[in-house]
Amino acid sequence: MITVEKLTKVYGNGDSAVTVLDNLDFSVQQAEIFAVVGPSGAGKSTLAQCVNLLERPTSGSVIVNGENLSQLTEAQLRAARRRIGTVFQSDGLFSRRTAAENISLPLDYLGVTRADAKKRVGELLERVGLSSHAKHYPHQLSGGQRQRVGIARALALKPTVLLADEATSGLDPASTASITALLKELRTDLGLSILFITHEMETVLQVADSVARLDNGHIVESGRVVDLLRDASSPLGRDLNPAKPALPAAPDETTWFVSYTSAHVPSDWVTRLGEALSSPVSLLGASIETIEGAVVGHAQVGLRAANAEAVIRQAQKLGLDARPAAAHDLASTTVAAPAGQKEPVA
Amino acid sequence: MSALHANVNDIPLAGIPALVLPALGETLIMVGIVMAIVVLVGVPLGAIIHNLARDGLFPNPALHSTLSWIVSVGRSLPFLILMVAIIPFTRLITGTNIGIAAAVVPMSVAGIAFFTRIVENSLRSVPPSLVKVAKASGGSSFQIICTAQLGEAIPSLIGGLTINTIAMIEYSAIAGTIGAGGIGYVAVTYGYQRFDNQVMLATIIILVALVAAVQVIGDALVRLTTPHSAARVSRRSVRRPVLVP
């Protein structure tokens, strides 16, 4: 488990001081994947370096399994770093070492005997599904395979905490999916606390249990991913699952924006809503995900002129939040907007 | 043209190997000893200066600029001048200022300054992210220098070592002028002072062959130590028999 308390990092001093991280507070539970997402320059890489102790925080603390890491001497730091596995962006492999030799690096530094190291490397290669690639050099591996080697190396010393710093950035969607699946598997099997730092919203949705948005050194919003997605008023929730382009409603219909706010939305809600309102429901567009076994997401539907209050009430009964689509929703969703374009924050 | 005519004092053709081959042996010994010293001192010195820099493992701007300045002085003096200038130092260490031992001292000084810069330059070309990886993996500064810096820079270091060795062969010829022995000494005394063109030509051929051999070996070692090109070499050698009918 990682706890970050009042973490502040200031570069420079006096008038030229720049506060990169300002009083961050969050914690990552055991067997939880906690994503920190934010644009470039938000302080993500500084946060990563403070957590794996490559940078000392100006104030505040990083506590791993009850041990405060921010007050250690240089020698203690080196030992403490071994308890945190770090997965770097894909360029982090030694080009002159094979996959097995790269994984063995932390074991070599620790002075593990050759036989023990070999055994552990074998286990790790199997764990990440690369047993047949042990003797391959990084340039002979695909981006996804290189990142698997990076994950295996981070796990070499059996850490309880894993820090993934832009671990899927620069990978193609299929490789990203396989890496996030591997991280989730490791989280469950080994009970790892994983801090996943990224700028990619889509990856957060794939991998994270909880998420915090870092902007200008502050955490502006955070929570469990499902909760944020079910909260129709959450900007972060809407960015995690942005509305995709939808069809315009027929002339006699109005467009409604419907979001899942409960885990118990019946899967035939379109029919049920139509029956309850005695009016057909046209499905114009939808973006639905299954997270933790429950469906979350939103849809745009077209409804014949009906009592707005009745629509909202009937939707609520089904576990849905319905709002007449606002002008800006229509602008960003019905016009041929580029896929993935973020909605303006309300 | 008259200079090209055979001189009465010229060494007969058959006598040239007996004169030149021992000199080649002396050159190889001289350059060998110098390169051993250069690597033993230059690698650690280059690594230390690299890591004393602002973004190094143990930054220390004052010490960094002092050492860097000393190396620059060693680099800036032409070898002939350096060699003469440090004669007192040479005599202090070897007790003499002629012969192989005396040549090794100024050659090592110049070679160390040269190679230190080459090491620094090679280390600078290693991605800094690897040092971060090594730190996060729990490496000590010494381990990080050996694995993430020198280990990754080996092909580049070998390339630099090749250039450095060739420069030392050249310096050994200059050292020949102060009676250091070796090919340079033969070239100066027979070729230059006695206008013996055959000896001159023989020394030139030997120097060209020596430098070419060093370059070929160096290039081969660079390829062998670079996984990317080593793989390409082995693939090519596998393909070749297929192409031949």
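Visitor: What makes a residue pair a polar contact, and how many such pairs does the rule find across the interface of chain B and chain A?
Guide: Seven residue pairs, both at pLDDT 80 or more, meet the rule across that interface, which asks for a pair of N or O atoms within 3.5 Å, where within protein one must be able to donate a hydrogen and the other to accept it, and residues adjacent in sequence count only if both atoms are side-chain atoms. This is a predicted model, in which local features need pLDDT of at least 70, side-chain atom pairs count only at pLDDT 80 or more, and totals for chains, interfaces and linings use all residues. Residues are numbered from 1 along each chain as its sequence is written, chains are lettered from A and ligands numbered from 1 in the order in which they are written, and side-chain values use heavy atoms, leaving out hydrogens and water.

Visitor: Why is the pair Arg97(A) and Asp108(A) called a salt bridge?
Guide: A salt bridge needs a side-chain nitrogen of Lys or Arg within 4 Å of a carboxyl oxygen of Asp or Glu; the N to O distance here is 3.5 Å, so the pair qualifies. Across the interface of chain B and chain A, however, the rule finds zero salt bridges.

Visitor: How do you know that helix H7 of chain B is not straight?
Guide: At 1.5 Å times one less than its number of residues, a straight helix of 35 residues would span 51 Å, whereas H7(B), a DSSP run (H or I, at least four residues), spans only 39 Å between its end C-alpha atoms. A kink of about 65°, the angle between axes fitted to the seven residues ending at a residue and the seven starting there, lies at Ile154(B), shortly before Pro155(B).

Note on methods:
Helix = DSSP H or I, 4+ residues; strand = E, 2+ residues; numbered from the N terminus.
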